[in-house]
Amino acid sequence: MRRVNINFAPMSFLRFVSEMNALMWFSIIALIVCASIAISNLIDLDKNIQNTQVEVHKLQTHRQLEAKQRSAKISPSVTDAQAQAINAAIFQLNLPWNELFDTFETVTPSSIALLAIEPDAKKNLVKVTAEVKTSDDMIAYIRLLKQQKFFLDVVLLKHEIMDRDMNKPLRFQFLAQWEKIEK
């Protein structure tokens, strides 16, 4: 017959420890060993992470210094003449060519021949040379240009009759100022 273990004493820590078998003791010891190994590995891993962060910080600082030195060496010096030439090219590229030509194409009648269009991007001006048969057509054309929304002002500069030409056309020049267009 098998022995019956009857104990009516209240459960306490000492009673629990005294009733533990060898398998439980082995499990507790194995658990303590595994936990201490894991804690030791975590401590080593934390040290490695801190060392790596220090190295990364040193490398970043070194790269920033190298980048500053490279940019100091690479940055070319631009002379004033070069800067002015670059700015002039940018002004020319920023001219509202489409709006300018569209306005002239829609407004200019067939009786007027546009000979030259010379824009000045800095002043938002265009100097135009044209020919017409009569002075009335010239004045009507200037008035028509003044009514266009694209131009702020149109001013007649000069006019002369071309005596050498057998048709004797009237050649005139005018300035038209446009509104600065922000894109």
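Leu-152 lies in strand β3, which spans residues 151-161. The model described here is predicted. Strand β3 belongs to an open sheet of 4 strands, arranged in the order β1-β2-β4-β3 with antiparallel pairing. This briefing covers the residue, the sheet and the helices that pack on the sheet.

**Sheet architecture**
- The edge positions of the sheet are taken by β1 (113-120) and β3, each having a single partner strand, so each has one side without a neighbour in the sheet.
- On average, neighbouring strands of this sheet are turned by 15 degrees against each other, with direction ignored.
- Strand β2 (residues 125-132) is paired with strand β4 (residues 170-178) in the antiparallel sense, over 8 bridges.
- Leu-125 has Gln-177 of β4 as its bridge partner.

**Helices on the sheet**
- Helix α4 (residues 97-107) packs on the sheet and touches β1, β2, β3 and β4. The direction of helix α4 makes about 155 degrees with that of β1.
- Helix α5 (residues 135-146) also packs on the sheet, with β1, β2, β3 and β4 touched by this helix. The direction of helix α5 makes about 5 degrees with that of β4.

**Surroundings of Leu-152**
- The relative accessible area of Leu-152 is 51%; because exposed means over 50%, Leu-152 counts as exposed.
- Apart from neighbours within four places in sequence, Leu-152 is in contact with Gln-177, Trp-178 and Glu-179.
- Glu-179 is 27 residues from Leu-152 along the chain, and the C-alpha atoms of the two residues are separated by 6.1 Å.
- Gln-177 thus appears both as a contact of Leu-152 and as the bridge partner of Leu-125.

Terms used. Residues numbered from 1 in each chain as written. Predicted model: local features only at pLDDT ≥ 70, side-chain atom pairs only at ≥ 80, totals over all residues. Heavy atoms only, no water. Helix = DSSP H or I, 4+ residues; strand = E, 2+ residues; numbered from the N terminus. Buried < 20%, exposed > 50% of the residue type's maximum accessible area, 1.4 Å probe, protein only. Contact = heavy atoms within 4.5 Å. Pairing = 2+ DSSP bridges. Axes fitted to C-alpha atoms, helices over the stretch in contact; angles between N-to-C directions.
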